[in-house]
Each structure stands twice: as structure tokens, then as C-alpha cells.
Amino acid sequence: MLIYELIWLCLASVALASSAFMDQSFFFTYAPNSQTVPVPVTSQCETINISWERTSGSTGPNPSAPYFLQIYTSAFVFPFIVEAGSSLSFDWQVPFGPGTIYQMCMFDKNGYTGGCQAMYTMIANTTVNEPTCANASFPLGPLDIDAQVEDGPLSMYGWVNQCTDIAITPKNGTPPYILTIAPSSHPPVNITMNDMSTVNWTVDLSWASPFFISVVDSEFNRWSYGPLHSGGNGPTGCLALGDIPASSGVSSGAAAGIGLGGATAGALLGIAVAWFIFRRRDHSRLSQSSSMDHFHSNNSFGHTPRMPMESLSSNATSMSHQYHVEPFRMPGDAPSLTPNDMGGGSTSPTPGRGSVYVVHHDGGRAPVTVYHEDGTEVVELPPRYANAEGNMSRRPGTSQSDITGSGSDTINSSSDPPRSAVTQNAPDFFNQPRQTGPAPKKASPLRPNRRPPSGP
């Protein structure tokens with residue numbers, strides 16, 4: 001009895017000093033060393049080893065022996081008090097039946113706390129068929145407490161909305177009373193009740209936090225409920241540390257303005273980026289076009305300036321596409337410059353001389369079409385080769401009689417086309433012997449690669 005009186009006086013003195021959550025003077029644990037992560041289950045009648053110590057994180061006053069365990073359960077409406085001795089460890093057999101949820105808190109002789117552990121669940125003993133262990137001491141008698149919440153009587157396992165009140169009114173017992181709120185994995189809070197008047201406690205725990213609540217009078221009669229939980233449907237103002245001025249928040253109008261401004265700024269930024277990309281692309285195209293024009297204007301290769309398509313014959317003008325063509329000249333013939341050429345004026349072929357126009361095609365058509373301004377027929381001459389003796393010979397398939405050694409280099413063959421002014425007046429360039437070497441291959445029109453037809 002003297003020990004219980006000492007505990008009650010210590011709790012009362014702490015409660016009178018402050019009603020906030022207590023600072024921990026030490027820390028305790030009973031998880032086995034073999035468990036890297038504690039498993040919150042205990043077998044019935046299992047012996048647990050409880051150890052405690054003061055660490056650098058202990059902010060409360062220095063603890064003093066002896067120490068006591070205050071154990072809450074889901075099976076009883078009062079907590080159990082167990083003496084833990086004066087050393088720094090204690091072995092205790094947990095007597096509760098399977099399915100019982102219990103939570104352990106610890107105090108020293110002055111009422112300084114070591115906090116509360118997480119809730120553990122009792123399971124059946126798998127090593128002993130009928131386990132036996134000492135029962136915990138029951139209190140002298142339970143108190144009669146009226147506990148109310150905003151929507152009616154408090155349930156033993158209820159959910160109480162955060163930042164709402166629990167009203168506690170003693171119906172019997174001897175004052176003063178000590179109201180204790182013990183959250184899991186958290187230090188408890190003590191509130192002193194000097195008479196049987198109603199005391200309100202605001203649930204200042206975040207949503208889903210589990211906790212137990214208990215009352216003890218001066219005669220050590222006790223009452224408890226739990227596990228309880230903090231609900232999430234209440235306000236949140238009580239969860240803030242300190243006072244928050246009303247003007248510190250952002251109004252709905254300001255939030256809407258900020259959102260609209262952000263959206264507008266994002267749209268403008270997107271437009272600016274798109275404009276920059278398209279402008280850069282257009283600038284690149286213009287630069288390429290200017291480079292091509294400069295190349296064509298400087299790449300004359302010694303020929304006379306290009307002539308417009310209108311100066312071609314009627315056959316040339318009937319083409320579906322227009323070309324810039326230049327007159328063909330034999331190698332060694334220097335182009336004749338006219339005053340118009342020097343002055344940049346209009347140009348025309350030199351009078352009295354024939355001009356030949358060569359048009360190149362693609363897209364599967366004949367690779368070359370040859371036009372002459374006066375309609376002169378153009379004959380393709382076969383190549384000539386020099387043999388080992390230096391004599392000229394035709395390519396294979398052409399008889400030697402077709403080649404004459406006269407000064408006119410006339411070609412007589414029934415298979416050759418009739419001679420024209422172009423072949424008769426061909427310069428000596430065509431009579432020059434070729435150097436001995438491999439026969440050139442005649443270029444064939446480019447055709448797209450086609451895969452052979454596959455089988456069925």
C-alpha cells in the first residue's frame with residue numbers, strides 16, 4: 001500500500017506541474033535481440049526481458065529506482081501495476097490470454113516516465129500445451145467513470161475524431177484523481193482532477209494514432225478504456241505547434257490568382273519556344289537556298305551563260321519540265337565572249353555556229369535527250385581503240401572495212417546510220433587513238449533495287 005501511495009503522489013506532482021506530454025527520463029525495451037525488426041506478438045506465459053537505460057535522447061529529469069510497469073489491456077477496464085525492481089532489467093511472464101492486446105508504460109519512483117511501447121498481441125503458446133504463470137495483481141476495485149464524446153458515450157474501442165474532446169466525470173472514488181492518456185510509442189500525459197467535476201481532454205493526436213486512457217483515485221482504484229484511435233473527421237488546428245495567425249494562410253482568391261498566373265506564364269513560355277524553333281528552322285532553309293543560288297551563279301565551268309527554255313526547238317518546248325541548258329562545245333574550243341557577256345546583258349548563241357543541247361532525265365526515262373537548234377540529226381559514234389601495232393580498230397562486232405584511213409575519216413557501214421553534217425565535219429578529236437587499257441563498261445540506266453519475288 002505504501003508503494004501505491006508513493007506512485008500516486010509522484011504522478012500527482014507531475015500532473016500539477018504540466019499537462020503536456022511528458023519528457024522521457026529514460027527508454028526501455030523488451031524486444032528479443034534476435035529480432036532485427038520487433039515482431040509485436042507474445043506467447044501466453046512467455047517470459048520477456050525488459051531493460052532500460054538513460055540515453056542522450058532522454059530530456060526528462062534523471063530517473064530513480066525503484067521502477068514500475070503500468071500495463072493496459074484490451075481485456076480489462078483497468079490497468080495493471082507491476083513492480084520492476086531497482087536494477088536496469090527485469091524478467092516478467094505475460095499472463096494474458098491469446099487475442100489480448102496489451103501496451104506497457106514505465107515510471108520511476110518520482111513519476112518520471114520511460115514512455116510507452118507499441119501495442120503487442122498475445123498468441124497461443126506453441127511449446128507448452130497448458131502453460132501456467134503467475135497472474136497479475138488486480139486493483140482494489142474499478143472506478144465508475146462517465147466518459148462522453150461529441151456524439152455520445154465513449155466506446156471502449158472507439159475512434160474519437162482528432163481535435164475533439166473526451167469529457168471525463170468520476171462517479172465514485174476519492175479525489176484527487178489522475179487522468180492519464182497513453183499513446184502507443186509515445187510518452188504519456190497526466191492531468192490532475194481535484195474533485196469530481198468534468199474534465200475535458202482534446203484529442204491532439206494525428207489520425208489513426210492508437211492510445212489508452214485511464215483514471216486513478218487517491219485510494220488506487222483504477223479505470224481504463226482502450227485501445228482507442230484518433231479519427232480523421234475532426235479539425236486539425238490542435239495539431240499545430242504554437243499559435244498560427246489567421247493571416248498567415250493563403251486565401252482562396254490568392255490561390256486562384258496564383259494558379260491562373262502560372263497557367264498563363266506556362267502558355268506564353270510555350271508560344272515563345274515554338275516561335276523560336278520555327279524561326280530558326282525558316283532561317284536554316286533560307287541559308288541553304290542562298291548557298292545553292294550562289295553555287296549555281298559561280299559554277300559556269302567556262303561555258304556561256306544559261307539560255308532560257310524558250311530558245312529551244314519545238315520538241316524541247318513540248319517537255320513537261322523546264323531546264324536550263326548550255327550549248328555543247330568540243331574540247332579545245334574556247335568560248336567566244338560577246339559584249340553582252342562582258343556587260344551582263346542578254347546572251348544568244350554565236351551566229352553561224354550550230355548548238356547542241358543535252359537534257360538529262362531521271363525517274364525511269366531515257367537518261368539523255370539531244371536537241372539541235374536547226375534540226376541537225378545527231379549520230380552516236382562507236383568508240384575506237386588502238387591495237388598493239390598502233391592501228392585503229394572498231395569495237396568487237398564492227399568490221400575493219402567500215403573504218404577508212406582517208407583524211408576525211410568517213411565511216412562506211414550498212415548498219416551505221418546515214419552520215420550527216422555533224423559526222424562529216426567531226427574534228428580530229430574523234431580520230432585520236434585511245435590508250436591501251438581495259439574496255440570501258442557502258443553505263444546502264446539506274447534502276448531501283450528490287451527484291452526477287454519470294455515463294456508462296
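## Disulfide exercises

With 105° about its S-S bond, the link of Cys 105 and Cys 116 is right-handed. That's our warm-up; keep in mind that this is a predicted model.

**Exercise 1.** Work out which parts of the fold the Cys 105 to Cys 116 link ties together.

*Solution.* Start with the bond: the S to S distance for Cys 105 and Cys 116 is 2.0 Å, which passes the cut-off of within 2.5 Å for a disulfide. Next, place the two ends. Cys 105 sits in strand S7 (residues 101-108) and Cys 116 in strand S8 (residues 113-116), so the pair ties together parts that are eleven residues apart in sequence. Finally, look at accessibility. Buried means under 20% relative accessible area; Cys 105 has 1% and counts as buried, and Cys 116, at 7%, is buried too.

**Exercise 2.** Find the handedness of the link between Cys 45 and Cys 133, and say where its two ends lie.

*Solution.* Check the bond before anything else: a disulfide joins Cys 45 to Cys 133, with S to S at 2.3 Å. Then read the torsion, which is -60° about the S-S bond and makes this link left-handed. Now for the ends. Cys 45 is in the loop between strand S2 (41-43) and strand S3 (47-53), while Cys 133 is in the loop between strand S9 (120-123) and strand S10 (145-149), so this pair ties together parts 88 residues apart in sequence. As for Cys 45, its relative accessible area of 10% makes it buried.

**Exercise 3.** Is Cys 163 buried or exposed? Then describe the disulfide it forms with Cys 238.

*Solution.* Cys 163 has a relative accessible area of 15%, so it's buried. Its partner Cys 238 comes out at 29% and counts as partly exposed. The sulfur atoms of Cys 163 and Cys 238 are 1.8 Å apart. Twist comes next: the torsion about their S-S bond is about -90°, so the disulfide is left-handed. Last, the topology. Cys 163 lies in the loop between strand S12 (159-161) and strand S13 (165-170), and Cys 238 in the loop between strand S18 (222-231) and helix H2 (252-298), so the pair ties together parts 75 residues apart in sequence.

**Exercise 4.** Write down the connectivity pattern of the disulfides.

*Solution.* Begin with the count: searching the whole structure gives three disulfides. Now number the bonded cysteines along the chain, and the pattern reads 1-4, 2-3, 5-6.

Key:
Residues are numbered from 1 along each chain as its sequence is written. This is a predicted model: local features need pLDDT of at least 70, side-chain atom pairs count only at pLDDT 80 or more; totals for chains, interfaces and linings use all residues. Side-chain values use heavy atoms; hydrogens and water are left out. Helices (H or I, at least four residues) and strands (E, at least two) are DSSP runs, numbered from the N terminus. Buried means under 20% relative accessible area, exposed over 50%, partly exposed in between (1.4 Å probe, protein chains only).
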